[in-house]
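User: Please walk me through this model by question and answer. I want the reasoning, then the value or name.

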Amino acid sequence: MQCVGDISKEIWQDCITLFLQNGMCCDAAIIINYPPWLLASYPEGNFFQLSQEEIQILLAKEGREKLFLQGITLAGNKCLLIRDNLYTEGNNTMDLRTKGQSWGSQAVTVVQIESVYLVVMGQKGTEGGPLNLKAFEMAGYIRDAINQHMAQI
(Lines give C-alpha, C1' and ligand atoms only; values in the text may rest on other atoms or scores of the structure.)
Protein backbone atom coordinates (compact mmCIF):
# COMPACT_ATOMS: atom_id res chain seq x y z
CA MET A 1 0.00 0.00 0.00
CA GLN A 2 1.36 3.41 -0.95
CA CYS A 3 1.10 6.50 1.20
CA VAL A 4 0.87 10.16 0.33
CA GLY A 5 4.61 10.59 0.86
CA ASP A 6 5.23 8.12 -1.97
CA ILE A 7 3.78 10.47 -4.59
CA SER A 8 6.56 11.49 -6.95
CA LYS A 9 8.68 14.52 -6.22
CA GLU A 10 7.67 15.98 -9.60
CA ILE A 11 4.00 16.10 -8.57
CA TRP A 12 4.90 17.89 -5.34
CA GLN A 13 7.16 20.33 -7.25
CA ASP A 14 4.28 21.04 -9.63
CA CYS A 15 2.10 21.93 -6.62
CA ILE A 16 4.77 24.37 -5.37
CA THR A 17 5.13 25.95 -8.83
CA LEU A 18 1.37 26.32 -9.18
CA PHE A 19 1.04 27.94 -5.78
CA LEU A 20 3.84 30.44 -6.41
CA GLN A 21 2.25 31.57 -9.68
CA ASN A 22 -0.44 33.52 -7.81
CA GLY A 23 2.12 36.21 -6.94
CA MET A 24 1.12 36.30 -3.28
CA CYS A 25 3.94 34.02 -2.11
CA CYS A 26 7.70 34.15 -2.29
CA ASP A 27 8.47 30.72 -0.83
CA ALA A 28 6.73 27.38 -0.34
CA ALA A 29 7.46 23.82 0.74
CA ILE A 30 5.61 20.56 1.20
CA ILE A 31 6.71 18.68 4.30
CA ILE A 32 5.81 15.45 6.07
CA ASN A 33 6.27 14.24 9.64
CA TYR A 34 8.67 11.37 8.82
CA PRO A 35 11.66 10.85 6.51
CA PRO A 36 12.32 12.32 3.97
CA TRP A 37 10.70 15.28 5.86
CA LEU A 38 10.92 17.73 2.93
CA LEU A 39 9.04 16.51 -0.15
CA ALA A 40 9.36 19.64 -2.30
CA SER A 41 10.35 23.28 -2.04
CA TYR A 42 10.88 26.38 -4.09
CA PRO A 43 14.56 26.19 -5.13
CA GLU A 44 15.03 29.97 -5.00
CA GLY A 45 13.49 30.32 -1.54
CA ASN A 46 14.73 29.46 1.94
CA PHE A 47 12.37 26.63 2.85
CA PHE A 48 14.62 24.11 1.07
CA GLN A 49 16.78 24.58 4.19
CA LEU A 50 14.06 23.36 6.60
CA SER A 51 15.72 20.93 8.99
CA GLN A 52 14.34 17.69 10.35
CA GLU A 53 14.34 19.20 13.85
CA GLU A 54 12.44 22.31 12.72
CA ILE A 55 9.83 20.16 10.97
CA GLN A 56 9.41 17.88 13.98
CA ILE A 57 8.91 20.85 16.33
CA LEU A 58 6.48 22.52 13.92
CA LEU A 59 4.36 19.39 13.49
CA ALA A 60 4.52 17.94 17.03
CA LYS A 61 1.05 17.43 18.49
CA GLU A 62 2.22 17.75 22.09
CA GLY A 63 3.70 20.83 23.73
CA ARG A 64 2.21 23.24 21.22
CA GLU A 65 1.61 25.90 23.89
CA LYS A 66 5.40 26.36 24.06
CA LEU A 67 5.36 27.56 20.47
CA PHE A 68 3.35 30.62 21.54
CA LEU A 69 5.94 31.47 24.18
CA GLN A 70 9.16 30.53 22.41
CA GLY A 71 8.24 30.91 18.77
CA ILE A 72 9.65 28.60 16.15
CA THR A 73 12.51 28.62 13.68
CA LEU A 74 11.88 27.78 10.02
CA ALA A 75 14.87 27.44 7.71
CA GLY A 76 16.89 29.41 10.25
CA ASN A 77 14.36 32.29 10.46
CA LYS A 78 12.77 32.98 13.84
CA CYS A 79 8.96 33.18 13.66
CA LEU A 80 6.25 34.25 16.07
CA LEU A 81 3.19 32.03 16.33
CA ILE A 82 0.04 34.10 15.69
CA ARG A 83 -2.66 31.40 15.51
CA ASP A 84 -2.46 27.63 15.83
CA ASN A 85 -5.38 25.64 14.45
CA LEU A 86 -3.17 23.08 12.71
CA TYR A 87 -4.83 20.17 14.46
CA THR A 88 -8.32 21.70 14.67
CA GLU A 89 -10.94 19.78 12.70
CA GLY A 90 -12.12 21.71 9.65
CA ASN A 91 -9.42 24.40 9.81
CA ASN A 92 -6.01 22.72 9.94
CA THR A 93 -3.97 25.91 9.53
CA MET A 94 -1.28 27.76 11.46
CA ASP A 95 -0.30 31.41 11.05
CA LEU A 96 3.17 32.72 11.85
CA ARG A 97 5.14 35.88 11.20
CA THR A 98 8.88 36.14 10.67
CA LYS A 99 10.74 38.48 12.98
CA GLY A 100 14.03 40.26 13.11
CA GLN A 101 14.85 40.30 9.39
CA SER A 102 16.31 43.48 7.95
CA TRP A 103 13.74 43.36 5.12
CA GLY A 104 10.80 43.34 7.56
CA SER A 105 8.47 40.64 8.75
CA GLN A 106 6.50 38.33 6.49
CA ALA A 107 3.42 36.17 6.98
CA VAL A 108 3.82 32.39 6.97
CA THR A 109 0.97 29.87 6.82
CA VAL A 110 1.06 26.11 7.36
CA VAL A 111 -1.87 23.98 6.13
CA GLN A 112 -2.38 20.28 6.80
CA ILE A 113 -3.42 18.30 3.73
CA GLU A 114 -4.04 14.65 4.61
CA SER A 115 -0.64 13.58 6.00
CA VAL A 116 1.40 16.31 4.30
CA TYR A 117 1.72 20.00 5.11
CA LEU A 118 2.00 23.02 2.83
CA VAL A 119 4.23 25.79 4.23
CA VAL A 120 4.03 29.15 2.43
CA MET A 121 5.60 32.56 2.99
CA GLY A 122 3.88 35.64 1.66
CA GLN A 123 5.53 38.36 -0.34
CA LYS A 124 6.60 41.36 1.70
CA GLY A 125 3.44 43.32 2.54
CA THR A 126 1.08 40.33 2.19
CA GLU A 127 -1.14 40.06 5.27
CA GLY A 128 -1.63 36.76 7.07
CA GLY A 129 -5.40 36.54 6.55
CA PRO A 130 -5.37 36.58 2.73
CA LEU A 131 -2.31 34.29 2.70
CA ASN A 132 -4.11 31.81 4.98
CA LEU A 133 -7.20 31.84 2.74
CA LYS A 134 -5.13 31.31 -0.42
CA ALA A 135 -3.16 28.47 1.22
CA PHE A 136 -6.38 26.85 2.44
CA GLU A 137 -7.84 27.12 -1.08
CA MET A 138 -4.68 25.63 -2.62
CA ALA A 139 -4.80 22.81 -0.05
CA GLY A 140 -8.18 21.84 -1.48
CA TYR A 141 -6.69 21.51 -4.96
CA ILE A 142 -3.77 19.48 -3.62
CA ARG A 143 -6.15 17.27 -1.62
CA ASP A 144 -8.14 16.57 -4.80
CA ALA A 145 -4.92 15.73 -6.68
CA ILE A 146 -3.82 13.38 -3.89
CA ASN A 147 -7.17 11.62 -3.90
CA GLN A 148 -7.10 11.23 -7.69
CA HIS A 149 -3.56 9.87 -7.55
CA MET A 150 -4.37 7.43 -4.73
CA ALA A 151 -7.47 6.19 -6.60
CA GLN A 152 -5.30 5.33 -9.61
CA ILE A 153 -2.95 3.04 -7.68
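User: How exposed is Arg143, as relative accessible area?

Analyst: This is a predicted model, where local features need pLDDT of at least 70, side-chain atom pairs count only at pLDDT 80 or more, and totals for chains, interfaces and linings use all residues. Residues are numbered from 1 along each chain as its sequence is written, and side-chain values use heavy atoms, with hydrogens and water left out. Buried means under 20% relative accessible area, exposed over 50%, and partly exposed in between (1.4 Å probe, protein chains only). Arg143 is partly exposed, with a relative accessible area of 26%.

User: Which residue does Arg143 meet in a salt bridge?

Analyst: A salt bridge puts a side-chain nitrogen of Lys or Arg within 4 Å of a carboxyl oxygen of Asp or Glu. For Arg143 the N to O distance is 3.6 Å, and the partner is Glu114. Arg143 lies in helix H4 and Glu114 in the loop between E6 and E7, so the pair ties together parts 29 residues apart in sequence. At 37% relative accessibility, the partly exposed partner is Glu114.

User: Is Asp95, the salt-bridge partner of Arg83, buried or exposed?

Analyst: The closest N and O atoms of Arg83 and Asp95 are 2.3 Å apart. Arg83 lies in strand E4 (residues 77–85) and Asp95 in strand E5 (residues 93–98), so the pair ties together parts 12 residues apart in sequence. Helices (H or I, at least four residues) and strands (E, at least two) are DSSP runs, numbered from the N terminus. With a relative accessible area of 5%, Asp95 is buried.

User: Which residues of H1 are buried, and why do they line one face?

Analyst: Seen down the axis of H1, the buried residues fall within an arc of 130° (directions from the helix axis to the C-beta atoms), so they line one face of the helix. On the other side, Glu10 and Asp14 are exposed. What covers the buried residues includes strands E1 (25–32), E2 (38–41) and E7 (116–122), and helix H4 (128–152). The buried residues are Trp12, Cys15, Ile16, Phe19 and Leu20.

User: Which element supplies the largest share of the largest nonpolar core?

Analyst: A nonpolar core is a set of buried Ala, Val, Leu, Ile, Met, Phe, Trp, Tyr and Cys residues joined through side-chain atoms within 4.5 Å. Of the 23 residues in the largest one, those touching the most other members include Trp12, Leu118 and Ile142. H1, E1, E2, strand E6 (107–113), E7 and H4 each supply at least two residues. The largest share, 6 residues, comes from H4.

Technical notes: Contact = heavy atoms within 4.5 Å.
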